[in-house]
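Here's an informal walk through a structure, from its sheets to the place where its chains meet. Have the coordinates open and follow along.

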Protein chains: 2
Amino acid sequence: MKITLFQFGKTHLSFVDEGCVLFTKRLKHYVKFDTITLELPPKQRSADGDLVKKSEAALLLKKIQPNDYVILLDEKGKNYSSRQFAATLQTLANTHASCVFVIGGAFGFADEVYARANAQLSLSSMTFSHQVIRVLFLEQLYRAFTIIKGEPYHND
Amino acid sequence: MKITLFQFGKTHLSFVDEGCVLFTKRLKHYVKFDTITLELPPKQRSADGDLVKKSEAALLLKKIQPNDYVILLDEKGKNYSSRQFAATLQTLANTHASCVFVIGGAFGFADEVYARANAQLSLSSMTFSHQVIRVLFLEQLYRAFTIIKGEPYHND
C-alpha cells in the first residue's frame with residue numbers, strides 16, 4: 001500500500017517542519033509515503049472561510065484518484081487507540097493499493113470533501129492547529145507501523 | 001494562579017525542545033508558568049519499569065506542595081475539548097493558587113502518584129511518546145488561555 005498525506009499551506013513553524021522530516025524519514029523504512037502540500041493561488045486566499053474551503057476542495061479533489069481510500073483527519077471523526085489505528089491500517093493494506101490522509105486547512109473541510117471521504121479519524125477531542133497536527137499525525141502513523149511490525153517504539 | 005509542569009528526563013528530540021520553547025514563551029504572556037524537568041540519578045535508571053516509576057514518584061512527590069492541585073496527563077484520564085479544558089482551568093484559577101501538571105516518564109506513573117493526584121487528563125485516546133506529548137500539552141495550555149481571553153488563535 002502507498003500512503004499519501006495531503007495538507008494545505010506551507011508550515012510556518014520550524015519545529016513542525018523538523019518533526020515532520022524526522023518522522024517521515026522513519027516512516028519510509030516501513031511504507032511508501034509522500035506528503036503533498038497544496039497551496040491556494042494568492043488570489044484565492046481570503047478571510048472568507050467558506051470560499052477558502054471551496055477552493056481547497058477543488059484543488060484536493062483534482063489530485064485524488066477514484067480508487068484511493070480517503071481518510072480525513074477531523075475532530076468529528078472516530079477516536080482510535082494507537083493499536084486500533086494500526087489494526088485499521090493493516091486491514092486497509094490488504095484491500096487497497098492507495099490510502100490518502102487529508103489534514104484540512106485553517107477553516108476545515110468543504111462538504112464535497114466530506115462527501116468523497118471514506119472515513120474520518122480524530123486524533124484528539126481537543127483542537128490542535130492544522131500545523132501542529134502534522135507532527136502528531138506522522139508520529140502516530142510511524143507508531144502504527146512499529147506496532148504492526150512488533151517493534152519496540154510503542155513503549156517509548 | 002501559578003502553573004508548573006513536571007516532566008521526566010531531558011528531551012532528546014530537538015524539534016520538541018523548540019516547540020516547547022515557542023509555546024512557553026507565548027504562554028508566559030498569560031500566566032506564571034514553569035517547567036521542571038526531573039532526572040533520575042544514573043544509578044536509579046533501570047530497564048525495570050516498576051523500579052523506575054517508584055524512583056520517579058519519590059522525586060516528584062518531594063517537589064509537590066500540600067496545596068497544589070495536581071493533574072496527571074494520562075491516557076486513562078478524562079477527555080476534554082479545548083473549550084472544556086479552558087473552562088476547567090478558569091474554575092481552578094478561582095479556587096487554587098498553584099496547579100501542577102505532570103507528564104509521566106516512559107513507563108507511566110507509580111500508584112503513589114495516582115494516589116496524590118486530584119485529576120487526570122487525557123490529550124488523546126492514542127499513545128504519544130512522553131517527549132512528543134510535551135509540545136502537544138503546551139500548545140493546548142496556550143490555546144486554553146487564548147480561549148479564556150477571547151483571543152483569535154483558537155480558530156487558527
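What follows covers the sheets, one helix, the core and the contact between chains.

Keep in mind throughout that this is a predicted model.

**The sheets**

Let's start with chain A. Five strands make up an open sheet there, in the order β2-β1-β4-β3-β5, and the pairing is parallel. At the edges sit β2 and β5 (119–122) of chain A, each of which pairs on one side only. Ignoring direction, neighbouring strands of this sheet are turned by 30° against each other on average.

Chain B has an open sheet of five strands too, ordered β2-β1-β4-β3-β5 with parallel pairing. Its edge strands are β2 (32–38) and β5 (119–122) of chain B, and each of them pairs on one side only. From one strand to the next, the twist averages 30°.

If you want to zoom in on the pairings, here are three of them, with a pair of opposite residues for each.

| Strands | Bridges | Direction | Residues opposite each other |
|---|---|---|---|
| β1(A) and β4(A) | five | parallel | I3(A) and C99(A) |
| β3 (69–79) of chain A and β4(A) | five | parallel | I71(A) and F101(A) |
| β1 (2–8) and β4 (98–103) of chain B | five | parallel | I3(B) and C99(B) |

Is β4(A) largely enclosed or open to the outside? Five of its six residues are buried, so β4(A) is largely enclosed by the rest of the structure.

**A helix against the sheet**

Next up is helix α2 of chain A, which takes in residues 49–63. How far apart should its ends be? With 15 residues at 1.5 Å a residue, the helix should span 21 Å, and the end C-alpha atoms are indeed 21 Å apart, so the two agree.

The buried residues of α2(A) are V52(A), K53(A), S55(A), E56(A), A57(A) and L60(A). Note that a lysine and a glutamate are in that list. Their cover includes strands β1 (2–8), β2 (32–38) and β4 (98–103) of chain A, along with helix α4 (111–116) of chain A.

**The core**

In soluble globular proteins, nonpolar side chains tend to be buried together. Here the largest nonpolar core has 82 residues, and V102(A), F137(A), V102(B) and F137(B) touch the most other members. That list has residues from both chains. Take F137(B) as an example: setting aside neighbours within four places in sequence, F137(B) is in contact with L73(B), F101(B), I103(B) and L123(B).

**Where the chains meet**

How many residues of each chain are involved? On the chain A side there are 26, in contact with 25 residues of chain B. Helices α1 (14–27), α3 (82–95) and α5 (132–148) of chain A each supply at least two residues of the side that touches chain B. By type, the residues on that side of chain A divide into ten nonpolar, twelve polar and four charged.

For a close look at one residue, try L136(A), which is found in helix α5 of chain A. Is L136(A) buried or exposed? It has 26 other C-beta atoms within 10 Å, and 20 or more count as buried, so L136(A) is buried. Not counting residues up to four places away in sequence, L136(A) touches L123(A) and F128(A), and also L136(B) from chain B. As for F85(A), 51 residues away along the chain, its C-alpha atom is separated from that of L136(A) by 14 Å.

Technical notes
Residues numbered from 1 in each chain as written. Chains lettered and ligands numbered in written order. Predicted model: local features only at pLDDT ≥ 70, side-chain atom pairs only at ≥ 80, totals over all residues. Pairing = 2+ DSSP bridges. Helix = DSSP H or I, 4+ residues; strand = E, 2+ residues; numbered from the N terminus. Axes fitted to C-alpha atoms, helices over the stretch in contact; angles between N-to-C directions. Expected span 1.5 Å × (residues − 1). Buried ≥ 20, exposed ≤ 12 C-beta atoms within 10 Å, placed from the backbone. Contact = placed C-beta atoms within 7 Å. Nonpolar A, V, L, I, M, F, W, Y, C, P; charged D, E, K, R; others polar. Core = buried A, V, L, I, M, F, W, Y, C linked by C-beta atoms within 7 Å.
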